[in-house]
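Here are my notes on this one, jotted down while going through the model. Have a look at the sequence and structure before reading on.

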Amino acid sequence: MANHLTPEELSKELGIDRDTIIKLCIEEGVPIYHGKIDKYLFQAQLQAVAGPSSSS
């Protein structure tokens, strides 16, 4: 399973708009290296932005 994906591949896999993925990478400092994004780093940052879910 690939860990580094293009924004298009990541968009298809996560069901998020390509432009939104690129915008989040720029805003949150997730690197896009040679046109590819680390999937796990992106997902971790996406969860951090979403905030912790309340569990009470």
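The points below start with the chain as a whole and then turn to one residue.

1. Keep in mind that this is a predicted model. Its secondary structure comes to 3 helices and 3 strands. Going along the sequence, you'll meet them in the pattern β-α-α-β-β-α.

2. On overall dimensions: the C-alpha atoms fill a box of roughly 40 × 25 × 20 Å along the principal axes. As for contacts between residues at least 6 apart in sequence, 53% join residues at least 24 apart.

3. Now the surface. The chain has 56 residues, and buried ones make up 21% of them. The accessible surface is about 4,100 Å², with 54% of that belonging to carbon and sulfur atoms.

4. If you care about electrostatics, the chain carries 5 positive and 8 negative charges. The mean positions of these two sets lie 4 Å apart.

5. Leu-10 is the residue I'd look at in detail. It is found in helix H1, which covers residues 7-14. Is Leu-10 buried or exposed? Its relative accessible area is 0%, and the cut-off for buried is under 20%, so Leu-10 counts as buried.

6. What is Leu-10 in contact with, leaving aside its neighbours within four places in sequence? The list is Leu-5, Gly-15, Ile-21, Ile-37, Lys-39 and Phe-42.

7. One more distance for Leu-10: Ala-48 is 38 residues away in sequence, and the C-alpha to C-alpha separation of the pair is 18 Å.

How values were computed:
Residues numbered from 1 in each chain as written. Predicted model: local features only at pLDDT ≥ 70, side-chain atom pairs only at ≥ 80, totals over all residues. Heavy atoms only, no water. Helix = DSSP H or I, 4+ residues; strand = E, 2+ residues; numbered from the N terminus. Buried < 20%, exposed > 50% of the residue type's maximum accessible area, 1.4 Å probe, protein only. Contact = heavy atoms within 4.5 Å. Areas by Shrake-Rupley, 256 points an atom, 1.4 Å probe, with all protein chains shown as cover. Lys, Arg positive; Asp, Glu negative; His and termini not counted. Charge placed at Lys NZ, Arg CZ, Asp CG, Glu CD.
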